[in-house]
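Got the viewer open and the selection tool ready? Let's walk through some stops together, one click at a time.

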Amino acid sequence: MPIIAFDGREYLAEDSESVLDCLIRHDVSVNYSCRAGVCQSCMMMMKEGTPSEASQKGLKDALKAQNYFLMCSYVAEEDIAIARPGKDFQSVETDVLALDRLNADVLRVRLVRPENYSYFPGQFLNLQGPDGTERSYSLASLADGDDFLELHVRHIPGGKVSGWIHTALKVDDRVSISPATGDCFYTPGQPGQNLLLIGTGTGLAPLYGILRDALHQEHQGEIHLYHGSSTAEGLYLIDELKALDAVHTNVHYHPCVSQGTPPAGMTAGRADQKALEETGKLGGWRIYLCGREDMVKSARQKAFLAGASLKDIYADPFVPAVD
Amino acid sequence: MSDSLFNRLGGDAAVDAAVDIFYRKVLADDRINEFFADVDMDKQAAKQKAFLTMAFGGPNSYTGEDMRKGHAHLVARGLNDSHFDAVVENLGSTLKELGVSDELIGEVAAIAETTRNDVLGR
Ligand SMILES: Cc1cc2nc3c(=O)[nH]c(=O)nc-3n(C[C@H](O)[C@H](O)[C@H](O)COP(=O)(O)OP(=O)(O)OC[C@H]3O[C@@H](n4cnc5c(N)ncnc54)[C@H](O)[C@@H]3O)c2cc1C
Ligand code: HEM
Ligand code: FES
């Protein structure tokens, strides 16, 4: 059985047990959240050993080159030595600037932007809740313009971190956030490309950031945003999005309601279904999918079948954490 | 080495060009798409690449035994000659779309053919 060396101690890993599972089993205090290779909160540096491709999926090239890897996605077959990330990749503390309700379930959380905190709108950060529990939240603010960080947090009943944010967090409280990460953001270089943005619930957070970033960078192609919820009350930022639609000829906002008869101006049906129905062939389009995991995965396959290239599909499934 | 099949097809770039087209064909083909229903597209796309590299005669470290093990769970679900033929057919039409000559397509089909018994676990 392989040995994992960490913080001056050695831990024996069972066969086919991930490094993360091994450390948790030994009661070692380490960060993690999704246990599925998505949130990157379990990132460590491998000092001895070679990270697998799967354990480096989604990491920036600079991090890969420095042997960073995700503990939840690596099963040691030989002895390895690991260390916590360097200072540049550690969490920073910041203050809560404002808390505002966007609808009955969604709170807009604005944080003071720490000095030199760089990110692309649409990326996500890991925020520490009670007892160091970490959860991922996407950035809806503009990196180039807004001097705060904006998150949209949906209240999950019984949710450890979202419940705490909704009921206990106050303006001026200190919170700890990781550097921003993820590849779901606007990339300049093809200003004429058509964009299709599909989100459910707070999947709008990254899409709102991406949409405003695209406009800020003078994107010329058509931009269709489909935001879905089961009821009209589940949608939010409706007026802001209608205003963007009215001002920019290339912006098209499609609020979708999947249950019952929607109010005037909204579409009946699921956002992903409507989007794929109404846009038809997607060859040459760039597509962003954010929100519920099942929606994101099935829409990804459908968009691909409708002609979108795999490299043009950016997907951010909000996979629930596994504590 | 410069005239190996893999290089004549265009190497890694040819695999990259083919993967989207081939994978889309497979997912749309009702004869075989149930075997590829796994919605984790990142993993699947990586495997399609491995498949194409191998079929193009490119560098790979798969043995016949790997092919046997890798497809055993599919054989248990009914994978047979007709499915194998369908995959080879999709491979051929993908290459045709990319403008590859019939002669080279024949060579690719011949490589795929050498794996038939292992893939089907015989
Ligand atoms: C990349 C990424 C980006 C994300 N961005 C955002 C964002 O911008 N805004 C946002 O609000 N959330 C976002 N999430 C989800 C967020 O990280 C948490 O999973 C969510 O807030 C729930 O955490 P919790 O601690 O409150 O609930 P937990 O204590 O983790 O869960 C409590 C219970 O609720 C269940 N549960 C968890 N999530 C859901 C769900 N979505 N629907 C129904 N039941 C659920 C759990 O299985 C559990 O039984 C994102 C997730 C990822 C991976
Ligand atoms: C034509 C000869 C074939 C070759 C050379 C071949 C090759 C491969 C290779 C290299 C992999 C990747 C293994 C890995 O890295 O995990 C793979 C996986 C796979 N192949 Fe094939 N294959 C062939 C035929 C088929 C056929 C006929 C089917 C079904 C119709 C099929 C279905 C699959 C599936 C579903 C996987 C993913 C398995 C999993 O992990 O679940 N293959 N194949
Ligand atoms: S990436 Fe490992 S716990 Fe989320």
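Start by selecting B:Glu97, which is exposed, with a relative accessible area of 53%. Before you go further, keep in mind that this is a predicted model.

**Stop 1: across chain B**

Which residue does B:Glu97 form a salt bridge with? Add B:Lys25 to your selection: the closest N and O atoms of the two are 2.8 Å apart. Side chains of opposite charge can pair when their charged atoms come close. Now zoom out a little and look at where the two partners sit. B:Lys25 is in helix 2 of chain B and B:Glu97 is in helix 5 (residues 81-97), so this link joins distant parts of the chain, 72 residues apart. B:Lys25 has 21% relative accessibility, so it counts as partly exposed.

**Stop 2: a network in chain B**

Stay in chain B and select B:Arg116 together with B:Glu113. They form a salt bridge too, with 2.5 Å between the closest N and O atoms. Is B:Arg116 buried or exposed? It counts as buried, at 14% relative accessibility, because buried means under 20%. B:Glu113, at 37%, is partly exposed.

Now add B:Asp81, B:Asp85 and B:Arg122 to the selection. Together with B:Glu113 and B:Arg116, these residues are linked in a network of salt bridges.

**Stop 3: over to chain A**

How many salt bridges are there over all chains? The count comes to 25, and another one of them is waiting in chain A: select A:Arg84 and A:Asp7, whose side chains meet at 3.6 Å, N to O. A:Arg84 is in the loop between strand 5 and strand 6 (92-101), while A:Asp7 is in the loop between strand 1 (3-6) and strand 2 (9-12), so the pair ties together parts of chain A that are 77 residues apart in sequence. A:Arg84 is partly exposed at 40% relative accessibility, whereas A:Asp7 is exposed at 56%.

**Stop 4: a patch of negative charge**

Next, select A:Glu10, A:Glu48, A:Glu77, A:Glu78 and A:Asp79, and switch on the surface if you like. These residues form a negative surface patch. Click on A:Glu77 for a moment: you'll find it in the loop between strand 4 (68-70) and strand 5 (80-83) of chain A. With 74% relative accessibility, A:Glu77 counts as exposed.

**Stop 5: rings**

Time to turn to aromatic side chains. Over all chains, the structure holds 6 aromatic pairs. One of them is A:Phe120 with A:Phe185: the ring centres are 4.3 Å apart and the planes are at 15°, so this pair is stacked. Look at what the two rings bring together. A:Phe120 lies in the loop between strand 7 (106-112) and strand 8 (124-128) of chain A, and A:Phe185 in the loop between strand 11 (174-177) and strand 12 (195-200), so the pair ties together parts that are 65 residues apart in sequence. A:Phe120 is partly exposed, with a relative accessible area of 42%, but A:Phe185 counts as buried at 15%.

For the last click, select A:Phe304 and B:Tyr23. Their ring centres are 5.2 Å apart with planes at 45°, so the pair is tilted. Where does this pair lead? It crosses between chains, from helix 7 (residues 293-305) of chain A, which holds A:Phe304, to helix 2 (residues 11-28) of chain B, which holds B:Tyr23. Both A:Phe304 and B:Tyr23 are buried.

Definitions and conventions: Residues numbered from 1 in each chain as written. Chains lettered and ligands numbered in written order. Predicted model: local features only at pLDDT ≥ 70, side-chain atom pairs only at ≥ 80, totals over all residues. Heavy atoms only, no water. Patch = residues over 30% accessible without salt bridge, like charges linked within 9 Å, V, L, I, M, F, W, Y side chains within 5 Å. Areas by Shrake-Rupley, 256 points an atom, 1.4 Å probe, with all protein chains shown as cover. Salt bridge = Lys/Arg side-chain N within 4 Å of Asp/Glu carboxyl O. Lys, Arg positive; Asp, Glu negative; His and termini not counted. Charge placed at Lys NZ, Arg CZ, Asp CG, Glu CD. Helix = DSSP H or I, 4+ residues; strand = E, 2+ residues; numbered from the N terminus. Buried < 20%, exposed > 50% of the residue type's maximum accessible area, 1.4 Å probe, protein only. Phe/Tyr/Trp six-rings, centres within 6.5 Å; stacked < 30°, edge-to-face > 60°.
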